[in-house]
Every structure is written in C-alpha cells, then in structure tokens.
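Student: I'm new to this structure and would like a close look at a single strand and its surroundings. Could you take me through it slowly and then show me how it fits with the rest?

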Amino acid sequence: MSQKIRVRFAPSPTGYLHVGGARSAYYNYLFARNQGGAFILRIEDTDVERSTEESLKMVMSDLQWLGLQWDEGPTADAKTELGSYGPYKQSQRIDIYLDVAKEILNAGNAYYCFMTDEEIEAQRQRLISEGKNPHIQSPYEDWSLEKAQAELKTGKTAVVRFKTKHLKKDYIVNDLVRGEVRFPSDMVGDFVLLRSDGMPVYNFCCAVDDHLMKISHVLRAEEHLPNTLRQLMIYETMKWQAPYFGHISLVLDEDRQKMSKRRGATSCFQFKEEGYLPEALLNFITLLGWSHPDQKEIFNREDTVKLFSVDRLHPSGAVFDRVKLKWMNSQYLRAMSNEVLWNHTEPFLKNAGLELPYNDKSWAHSSISVFKSYMETLVDGVTFYTALDDSKFEIKAESAEVLAWEPTKSVLRKWTELLKTHSGEKFTESEFLKMQDTVKNETGAKGKNLFQPIRVAVIGQPQGTELKILVPLMEKASLVKRAEKVLASLK
RNA sequence: GUCCCCAUCGUCUAGAGGCCUAGGAUGACUCCCUUUCACGGAGUAGACACCGGUUCGAAUCCGGUUGGGGACGCCA
C-alpha cells in the first residue's frame with residue numbers, strides 16, 4: 001500500500017486534556033513522525049451543549065505543553081487553520097455531513113424515526129426484561145421517505161437512523177493492536193446519524209471525516225471498539241475504503257477502573273501544575289501499552305520516534321502508577337543542569353510567594369544543586385526552598401523529641417553564641433564545620449546529640465538536607481534569628 | 001442482561017513452541033555509602049488465573065471456565 005500515512009487525534013473540547021487522550025495523541029504523533037506521515041488535529045465539537053472555545057484552547061495548550069505539534073488543524077490561537085482538508089472543526093462541516101446523510105437516506109439505508117424518548121425508554125426496559133438486546137425497534141423504519149417528509153411538515157421532529165437489521169453478517173477488522181476482531185452486525189441497533197435538530201452525531205461525522213481527510217490509520221482507545229462497527233457500516237454503505245484501525249488499551253486507575261478524578265490528577269494540566277515535566281509524563285505514558293525494543297525505561301522523544309512501531313503496542317489495560325511517574329519525573333529532574341532546573345523551579349517558588357534572593361544566580365544554581373536529588377517534582381522545590389525563607393520558618397512538631405534531649409540546650413546556646421560572634425555576613429562550608437567542632441568540644445555533645453539540635457536551629461526539623469551545604473546558602477542574621485527562636489522555645 | 005475486548009511479580013512490562021530455574025523497571029525489604037534524611041551502589045522476596053486439548057516439548061497454539069474491563073445515548 002503506497003498510500004500516504006495520515007493519522008489524527010480527534011478530541012472533543014469539553015474540558016482539559018486527559019492523560020489517556022494525551023497518550024492517544026502521542027501514539028498518533030509518534031506513528032506519523034516515524035512513518036513520515038501527517039499528524040492531524042480534528043475537533044469533534046458536534047455536542048454543542050458541552051463543547052466550548054475555552055476547552056479547545058485548553059486542549060491545544062496542553063498539546064503544546066507536551067510538544068505535540070500537529071501538521072493540520074486549527075492554529076494554536078484558534079483563529080485560522082493549517083492544512084488543505086479543512087475545516088477541521090466538525091461544527092463547521094455540518095453541510096458536508098448533511099449531504100452524506102441525504103445520500104444515505106435517498107438510497108433507503110436510513111430513515112426518519114419519530115419515536116419519543118419515553119417510547120424508546122419503555123421499549124428498552126421491555127427488551128431488557130425479556131433478556132434481549134435493548135436495541136431500538138422503530139416502527140418507522142419501513143416508512144417511505146415521502147411519508148416521513150410529510151410527517152415532518154406537520155411540525156413533528158425526528159432523528160435520522162441508520163438501518164442495520166438487513167445487514168446480517170459479521171464485520172471483520174484486522175486491528176493493528178488486537179488482530180482479527182469479529183463483530184456480529186446485531187451487536188448494534190439502528191444508530192442515530194442526525195439528531196432531531198439536524199446536528200450530526202459522532203459516529204457519523206467521524207466516518208465521513210476520516211474518509212474525506214484521507215486518514216490512513218485510526219489509533220484510538222479501546223472504548224471505541226464498538227463504534228468501529230458502526231463506522232464500518234457507514235463506509236460500506238458509502239462504498240468507501242475503511243482506514244486501518246488500531247485500538248489501544250485503556251488507562252486505568254489503581255482500582256482497575258477507567259481513570260477518574262477522585263483518585264488524583266487525570267489531566268495534563270494538573271500534572272503540569274503538580275510540577276511534572278512534559279518529557280517525563282510522555283515517557284511514562286508511552287510505557288503504558290508500549291515497550292522499548294531494548295527494554296529501556298528512560299528514553300527521549302527523538303528515540304521514541306525512531307523506534308515506535310504499532311506491533312509493540314500491548315492490548316491489555318494499564319494501571320496508571322503515580323508512584324512510578326514520580327520516579328520517572330525525578331530521573332528527568334536529576335538529569336537537568338542546575339541552570340535549567342532552576343529556571344523550571346523558579347516560577348513555582350514565586351507562585352508560592354516565597355521571599356528568596358531570586359536575582360542572585362550563583363545562589364540560585366548552587367541552592368538548586370543541593371535540592372536536586374531531593375526533588376521528585378518541581379513542586380517539591382517549594383518545600384525545600386521554604387526552609388530558606390525566614391518568614392516561613394517554624395519549629396516542626398517532629399523536633400519536640402530532639403528539643404527535649406538533655407544536651408540540646410547547651411548545644412543551642414553555644415551555637416547561637418558562635419553565630420553572633422561570627423565576623424562576616426555569610427559562612428563558608430569550612431567555617432560552618434569549624435563552628436560545629438567548637439560546639440562539640442565545648443559542650444561534649446556528639447553524634448545526633450550534636451547534629452540534630454543544630455539542624456532544628458537551622459531548618460526547624462531534625463532531618464533534612466546536609467547542613468554544611470545548606471548553611472553557606474543562608475545569611476548570618478537569618479541563622480541567628482532562627483537559633484534564638486528555637487532557644488526561646490526551650491523556656 | 002447481551003455483545004466485544006483483555007488476562008505474566010502489588011504495578012508497568014519482556015516473552016511470537018525448546019534460549020524460561022520466566023528477564024527488566026517500579027514499589028517493598030536488607031546491606032553498603034553517609035554524623036540525619038535523600039541521592040547513589042549491591043542484593044533478597046515477588047508472577048505465567050484455572051481446567052482440558054494439540055505437541056517429543058507450551059507462558060507462548062486451540063477450546064472451555066473464572067476474573068477484569070468496555071460498549072449497548074438525539075456523549076465522544
């Protein structure tokens with residue numbers, strides 16, 4: 001097949017970009033880039049109730065944050081479009097769908113259905129109680145077009161349904177991920193093409209657009225598997241060639257259900273706010289259903305593009321392990337230079353309202369190098385930097401035990417005294433170590449009896465970053481103030 | 001309920017009939033490094049859902065059972 005590879009990501013703009021959606025988008029992107037094909041962004045906004053312009057912008061900015069640039073579709077400002085198969089927003093393609101619907105209607109493969117919601121629901125309940133498929137059985141399916149149109153003129157409203165009852169056969173898809181999948185035609189009932197207000201629905205638009213936009217491969221989530229049958233029926237009736245389909249597994253929560261908000265972040269935007277890096281999120285998400293040929297865990301986008309292939313896609317559902325994501329993120333954080341890490345962290349610190357010497361770049365870079373191996377997310381940086389902000393200094397509850405130790409008071413007294421008599425405004429590492437030794441020699445405290453009280457006097461808690469690295473980042477005045485506060489708390 | 005999909009350590013996965021005494025990663029645990037905590041290093045425990053079949057040989061192929069998920073919308 002010498003057809004050009006064209007794939008699409010087709011979100012409906014009804015909220016943030018879900019990580020499951022991000023994974024679908026990324027697999028499509030990877031496939032396109034690997035094959036030298038086109039990656040298309042199509043907006044499925046035929047649900048006017050729920051689709052909003054804000055959501056569209058959110059989805060596009062999330063895609064951009066992930067760095068998934070599309071070749072065709074709306075531009076990021078949503079003002080114009082890229083590509084020659086547009087419009088790419090389904091709400092602007094209504095006439096196209098209406099024409100196709102007319103064609104299907106005229107061929108007698110669809111009909112106007114006047115059933116009310118109540119009638120449908122009653123029928124559905126009856127069929128279920130009889131243990132049958134609750135597929136609609138419309139009394140209007142055999143009405144002639146003329147008869148239906150006359151009825152419409154009286155002011156009644158109707159949906160247009162696709163006829164499925166005569167299609168008695170199995171539809172077979174050679175799924176790129178699952179192999180041969182066989183759908184019996186009665187797996188679905190007469191589904192809606194056009195709503196009663198004339199708006200076309202998803203399954204219909206999707207098939208029409210995939211055909212018209214010359215989509216060669218459809219990689220989407222498994223939940224669309226039953227839709228594939230409906231779309232296949234549309235392709236068949238229109239005598240169109242269907243694209244290749246590949247249905248990837250679902251992203252699950254810890255409880256093996258479709259990922260939901262109550263378990264924590266589910267959208268890319270939330271992960272961004274929680275301090276995850278796009279490259280780490282992408283790397284992690286890639287591994288939910290795809291594996292590196294050499295079993296590597298950490299690999300960049302360039303390598304993924306090079307190595308991506310649909311036959312390494314795994315068909316079973318994958319649990320989104322937030323703990324492993326954190327690990328992955330920490331790996332990326334540690335691989336960053338101090339300067340780059342600082343630039344990523346700084347906005348989070350400012351956002352948290354921390355008062356720090358932001359303009360002192362050498363301070364910034366040496367401080368971030370200290371915290372680097374402690375951070376799993378950028379937001380963790382806030383916790384560590386809070387220790388350097390005097391206005392946020394507090395004696396943590398876990399310090400109580402240390403403060404109750406017998407030698408603590410004399411250690412703190414000596415420490416405070418040495419701080420005050422220090423000549424400069426700052427301390428070097430060796431100056432600090434010398435002071436520490438002096439405290440040890442003059443009080444006789446050693447081991448944790450020595451170190452933990454001092455740590456409490458510096459950061460308010462008995463455990464944390466190495467003091468010899470931390471203290472040189474601080475001002476004498478600040479250290480004195482902290483030490484006195486801790487000393488005062490001893491009464 | 002009906003149909004469809006899925007099934008390897010807790011989790012993500014490798015595995016396409018003998019390279020499997022089932023490999024890696026994460027998490028857990030132990031030890032080392034370290035005056036704390038992390039980082040880093042070394043190691044330990046931990047899985048082929050079950051039952052039949054095919055075959056000289058099955059995690060791998062086939063059938064069934066069980067379990068999980070998805071879909072049954074004028075949502076996508």
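**A strand and its surroundings**

Tutor: Let's start with one pair of residues: V218 has F245, in β11, as its bridge partner. Please keep in mind that you are looking at a predicted model.

V218 brings us to the strand to follow, β10, which covers residues 217-221. Its pairing with β11 (residues 244-248) is parallel and is made of five bridges. How many of the residues of β10 are buried? Five of the five are, so the strand is largely enclosed by the rest of the structure. Take L219 as an example from this strand. Its relative accessibility is 3%, and buried means under 20%, so L219 counts as buried. To get a feeling for distance, find Q270: this residue is 51 positions from L219 in sequence, and their C-alpha atoms are 25 Å apart in space.

Now look at the open space beside the strand. Rolling a probe the size of a water molecule over the atoms shows where empty space is left. The largest pocket holds about 1,000 Å³ of space. It is lined by 33 residues, and those closest to its centre are A10, P11, S12, E223 and H224. β10 supplies at least two residues of this lining, as do β1 (6-9) and α1 (19-35). Which element gives the most to the lining? That is α1, with four residues. Sorted by class, the lining has 12 nonpolar, 11 polar and 10 charged residues.

β1 deserves a look of its own, since it shares in the lining of that pocket. From this strand, R6 and R8 point one way while V7 and F9 point the other way, and all of them are buried. β1 runs parallel to β2, with four bridges joining the two. One of the pairs to find is F9 with L41 of β2.

If you follow the chain on from β2 (38-41) towards α2 (53-66), you come to E44 in the loop between them. Is E44 buried or exposed? With a relative accessibility of 9%, E44 counts as buried. Its side chain makes a polar contact with the side chain of R42 at 2.9 Å, and another with the side chain of Q90 at 3.3 Å.

Next, turn to the RNA. RNA strand B is surrounded by 62 residues, the closest being N133, R178, R195, Q257 and F451. Within 4 Å of the protein, 71% of the atoms of RNA strand B belong to sugar and phosphate. Three contacts are good places to zoom in. An N or O atom in the side chain of E222 is 3.4 Å from a sugar or linking oxygen of RNA strand B. Q463 also places a polar side-chain atom 3.2 Å from a sugar or linking oxygen of the RNA strand. At E466 the partners are a polar backbone atom and a base oxygen of RNA strand B, 3.4 Å apart.

Several elements each give at least two residues to the surface near RNA strand B, among them β6 (159-162), α7 (225-237) and α18 (448-459). The largest share comes from α11, with five residues. By class, this surface has 20 nonpolar, 22 polar and 20 charged residues.

Of these elements, β6 makes a useful companion to the strand we began with. V159 and R161 point one way from β6 and V160 and F162 the other, and all are buried. β6 pairs antiparallel with β5 (residues 110-113) through four bridges, where R161 is the bridge partner of Y111. Two more bridges join β6 to β9 (residues 192-194), again in an antiparallel arrangement; here V160 is paired with L194.

For a contrast with the buried residues, look for K296 in the loop between α9 (278-286) and α10 (301-307). Its relative accessibility is 47%, so K296 counts as partly exposed. From K296 to D437 is 141 residues along the chain, and 47 Å separate their C-alpha atoms.

To come back to your request: β10 is a strand with five of its five residues buried, it is joined to β11 by five bridges, and it helps to line the largest pocket.

Notes
Residues are numbered from 1 along each chain as its sequence is written. Chains are lettered from A and ligands numbered from 1 in the order in which they are written. This is a predicted model: local features need pLDDT of at least 70, side-chain atom pairs count only at pLDDT 80 or more; totals for chains, interfaces and linings use all residues. Side-chain values use heavy atoms; hydrogens and water are left out. On a 1 Å grid over the protein atoms alone, a cavity is a set of points where a 1.4 Å probe fits but cannot get out, and a pocket is an open set with protein on both sides within 12 Å along at least five of seven lines; lining residues have an atom within 4 Å of a point. Grid points are joined across faces, edges and corners, and a volume is the space filled by probe spheres set on the points. Ala, Val, Leu, Ile, Met, Phe, Trp, Tyr, Cys and Pro count as nonpolar, Asp, Glu, Lys and Arg as charged, and the others, Gly among them, as polar. A residue is near a molecule or strand if one of its heavy atoms lies within 4 Å of it. A polar contact is a pair of N or O atoms within 3.5 Å; within protein, one must be able to donate a hydrogen and the other to accept it, and residues adjacent in sequence count only if both atoms are side-chain atoms. Buried means under 20% relative accessible area, exposed over 50%, partly exposed in between (1.4 Å probe, protein chains only). Two strands pair if DSSP finds at least two bridges between them.
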